[in-house]
Amino acid sequence: MKNIFVVGSGIMGSGVAQVCTQSGYGVSLMDTNKKALGKALKKIEWSLNKLEKKNLLDEKAVDILSRLNTTDSLEKAENADIVLEAAVEDVKTKHTVFEDLEHICRPDTIFGTNTSSIPITEIASILKNPERFVGIHFFNPVHRMKLVEIIKGLATSNNTVERVKNFVLAIGKEPVMVNRDQAGFIVNRINGMAFLEALRLLEKGVASVEDIDKAMRLGLGNPMGPFQLMDLVGLDVVLNARMGIYNETREPNHFPPSILRNMVKAGYLGRKTGKGFYEYK
């Protein structure tokens, strides 16, 4: 693999683009929102310059950036070896993206989605060749987190999985296999329950946001408490992930508490909006 095409320039898409570029790949970062695309490019440049000052790069930041291109058109994916989609967590949006890409890309191009909650098989259902479709789930912040979940859909071929494993290792990440396609995969399935319990404790007045976070940091050695982590990930992302699991299982214990749903309605999404369970300047 040489050419990587990333769809979506948000937190995850820009992070994936940066890591791939740092690893020597030619990367095209695509978004129809030119303002968001410009913001993402500035963020990547800032991050690389910061790493360079700390002597954490193998080459100059300017040389790494020379391998990164931006575009507002999916047509630029025609020569991509792998497409990594990090668009909004909406299955209709993802269907539209991959339907278009199937007419643009080569037959051997791998299609990967960074979804954190939507079943892989459901997204791949609109493709004529679902064998090349796979879940490639990165974690935030991408440049720090080593883990990548690789999720097989019902039709995903073993060849696709092996190629993606090699790619994940080549960009310095550690893959884990999710052999059964279920919403939430491994980490979000487990960690999400901790989020829900923390929210329920808060709603019942058992403890404050600060003390729940403090208890989880000092008691379990976690680097962040659940509310700090939800603010970092984005409360809208957390809500969509929880609803994805609930809609698949219909188990009441997976249904998000009203405090999370109401905060998302109010636009309090965490760090990216300046306010979540904490306020950010």
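So, which domains does the domain assignment of the chain give? We get domain 1, covering 3-178, and domain 2, covering 188-273. Keep in mind, folks, that this is a predicted model.

Let's start with how the two domains sit relative to one another. Their centres, taken over C-alpha atoms, are 26 Å apart. Where they meet, seven residues of domain 1 are in contact with seven residues of domain 2. Put the two together and about 630 Å² gets buried between them, with carbon and sulfur atoms giving 53% of that area. On the domain 1 side, look for S116, S117 and N140: those three supply 52% of the area that domain 1 buries against domain 2, more than any other three residues.

What about charges and polar groups? Between domain 1 and domain 2 we count zero salt bridges. There are, however, two residue pairs in polar contact between the domains. And if you sort the residues on the side of domain 1 that touches domain 2, you get two nonpolar, four polar and one charged.

Okay, on to the cores. As a general point, nonpolar side chains in soluble globular proteins tend to be buried together. Here, the largest nonpolar core has 33 residues, and I4, L84, I136 and F167 are the ones with the most contacts inside it. Take L84 and skip its neighbours within four places in sequence: L84 is still in contact with I4, F5, V6, V7, V16, C20, G112, I136 and F167. Then there's a second, separate core of 22 residues, and I104, I123, F133 and F185 are among them.

If you're finding your way around on screen, try L84 for the largest core, then S116, S117 and N140 for the domain 1 side of the contact. Thanks, everyone.

Conventions: Residues are numbered from 1 along each chain as its sequence is written. This is a predicted model: local features need pLDDT of at least 70, side-chain atom pairs count only at pLDDT 80 or more; totals for chains, interfaces and linings use all residues. Side-chain values use heavy atoms; hydrogens and water are left out. Domain bounds come from an automatic or database domain assignment. Contact means heavy atoms within 4.5 Å. Buried area is the accessible area (1.4 Å probe) that two parts lose on being put together, summed over both. A salt bridge is a side-chain nitrogen of Lys or Arg within 4 Å of a carboxyl oxygen of Asp or Glu. A polar contact is a pair of N or O atoms within 3.5 Å; within protein, one must be able to donate a hydrogen and the other to accept it, and residues adjacent in sequence count only if both atoms are side-chain atoms. Ala, Val, Leu, Ile, Met, Phe, Trp, Tyr, Cys and Pro count as nonpolar, Asp, Glu, Lys and Arg as charged, and the others, Gly among them, as polar. A nonpolar core is a set of buried Ala, Val, Leu, Ile, Met, Phe, Trp, Tyr and Cys residues joined through side-chain atoms within 4.5 Å. Buried means under 20% relative accessible area, exposed over 50%, partly exposed in between (1.4 Å probe, protein chains only).
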